[in-house]
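Student: Please give me a close look at one part of this model: the charged side chains. I would like to know where they sit and what they meet.

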Amino acid sequence: MAKTKSVYFCQNCGAQSPKWIGKCPACGEWNTYAEEVISREKDKKGIPFIHDKKSSKPKPVQEITTSAEYRVNTLNHELNRVLGGGMVPGSVILVGGEPGIGKSTLLLQVALKMKGKKIAYVTGEESEQQIKMRAERVGIDNEETFIITETSTQVIFQHLEKLQPNLVVIDSIQTLNTEIIDSSAGSISQIRECASEMQRFAKHTNVPVFLIGHITKEGSLAGPKILEHMVDTVLQFEGDRNYGYRILRATKNRFGSTSELGIYEMQSEGLREVSNPSEILISQRDEDVSGVAIASMLEGMRPMLIEIQALVSSAAYGTPQRSSTGFDLRRMNMLLAVLEKRSGFRLGVKDVFLNIAGGLKVDDPAIDLSVIAAILSSNEDVPIDQKICFAAEVGLSGEIRPVNRIDQRIREADKLGFKKIFISKFNQKGLDLAKSSIKVIPVRKVEELFMKLFQ
Ligand code: TYD
Ligand code: MG
């Protein structure tokens, strides 16, 4: 007889309790406990072909040989970059993102493009026809990509044993269910068990596995936090649905850095890799317009130039409006206060709107100076030359502060043909500008920037 047991799980953090409780002692959330029935039957084992447990024995660390940083090339440069050079055999990679952002498209494209490798694309979300339609849309054909529409892990493992693939994609972990647990697919205990079966499969066969995961309204990966601990790498796929740009970033990576970033553009025929992000983040214009300034910023480790647009106009109503897209509104208010108090610009009676081109959200403090430049340019109605860019932080007393990796920012601006870059005077030390043709202009105060730009 199967032994049934029911346990209460916190749907937020995955903590469990034998009884229902109102407030989760682990994460502090209220009303998140739900009952899940777990029955374990002794004769049902998770993965059919992993019974032959190898007996483990302690080994001195020098005697362990690694396969010398061997990586499987995904043939997708942006993905390789985020993974730290390719997939590590036997690793489990979780890809999270909002619905409709393009997770399935990304991984199907990777699966189709890896010619010469056998790939199993397991989907519990879509039918074979839907996948085929998407494959036609992205326009790649590959006879070695197999689609498995199945949700039971036991059946999936039987297929995988026959197929012997080089890569497995699971779309999505929330749709899988394992027989050894009775609760419904998508529940905490199911997600946890299925993920752990997938992880055992990956470690045993040395095949890399991609798991697609949904995210919750709050933006974290749905399912227990423990899921993130179990996998080797967690990737977030994000972007504004109204824009075509998508950013893939690693929030955890056991085999690489988490500061790398991949950029894609969603087009009608699939995702295009964007190797030069500045090309899309700076709008094409023929004539100079006021209120536009370019910042040389870093996203993770990647330098890119991005356009900041500001509109300053006399307030039509009593209370001036302040609005900002892609930039922290509080920080904008702070910069406005600095301009008002330290430099005497009368912006308190003006409406100020700020926009970061491309629908990107930026939190690099180095864009402060370009925000100020854009606001001043709009206020004065004097355009800034298109070949000028900025990279510095602005402090509360109106001082222009240094930022990290200034060489990288200058080099990127130089590479893209900018003629001048404004930086903090304190960033000048040790700067090696021998090879670059860009003119570096150090500034110390906001007034100095104003003088150099507009007078
Ligand atoms: P999808 O990969 O289904 O998202 P997810 O798996 O993250 O839920 O992507 C769906 C969106 O992408 C959908 O709104 C349509 C759009 N899309 C394109 O614009 N071009 C394409 O070539 C494809 C395949 C999808
Ligand atoms: Mg999908």
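Tutor: We start with the whole protein, then go through the charged side chains from the inside to the surface.

This is a predicted model, in which local features need pLDDT of at least 70, side-chain atom pairs count only at pLDDT 80 or more, and totals for chains, interfaces and linings use all residues. Residues are numbered from 1 along each chain as its sequence is written, chains are lettered from A and ligands numbered from 1 in written order, and side-chain values use heavy atoms, without hydrogens or water.

First, the setting. The protein has 455 residues, and 50% of them are buried (under 20% relative accessible area; exposed is over 50%, partly exposed in between; 1.4 Å probe, protein chains only). Its C-alpha atoms fill a box of roughly 85 × 50 × 50 Å along the principal axes. The secondary structure comes to eleven helices and 21 strands (DSSP runs numbered from the N terminus: H or I of at least four residues for helices, E of at least two for strands).

Helix 2, residues 103-113, shows what burial looks like. Ten of its eleven residues are buried, so helix 2 is largely enclosed by the rest of the structure. A charged residue, K103, is among the buried ones. L106, L107 and L108 are also among them.

Now look at R302, in strand 14 (residues 302-314). Is R302 buried or exposed? R302 counts as buried, because its relative accessibility is 5%. What does its side chain meet? One partner is the side chain of E78, in a polar contact of 2.9 Å (N or O atoms within 3.5 Å; within protein, one able to donate a hydrogen and the other to accept it; sequence neighbours count only if both atoms are side-chain atoms). The side chain of R302 also reaches the backbone oxygen of V274, at 3.4 Å.

Next come the salt bridges (a side-chain nitrogen of Lys or Arg within 4 Å of a carboxyl oxygen of Asp or Glu). The whole structure holds 19. R409 and D364 form one, at 2.9 Å from N to O. This pair links distant parts of the chain, 45 residues apart. R409 lies in helix 10 (residues 406-415), and D364 in the loop between strand 16 and helix 9. R409 and D364 are both buried.

E340 and R346 form another salt bridge, at 3.3 Å from N to O. E340 is partly exposed, with a relative accessible area of 28%. R346 is exposed, at 58%.

A third case is R401 with E393, whose closest N and O atoms are 3.9 Å apart. R401 counts as partly exposed, because its relative accessibility is 35%. Salt bridges with shared partners join R331, D368, E393, E399 and R401 into one network.

Finally, the surface. Which residues form the patch of positive charge? They are K341, R342, K425, R444 and K445 (patch residues have over 30% relative accessible area and no salt bridge, with like charges joined within 9 Å). K341 lies in helix 8, residues 329-341. K341 is exposed, because its relative accessible area is 70%.

There is a negative patch too, formed by D286, E287, D288 and D385. D385 sits in the loop between helix 9 and strand 17. With a relative accessible area of 42%, D385 is partly exposed.

Conventions
Patches are made of residues with over 30% relative accessible area and no salt bridge: like charges are joined within 9 Å, nonpolar side chains (Val, Leu, Ile, Met, Phe, Trp, Tyr) within 5 Å. Accessible areas come from the Shrake-Rupley method with a 1.4 Å probe; for residues, only the protein chains shown count as cover. Lys and Arg count as positive and Asp and Glu as negative; His and the chain ends are not counted. The place of a charge is taken as NZ of Lys, CZ of Arg, CG of Asp or CD of Glu.
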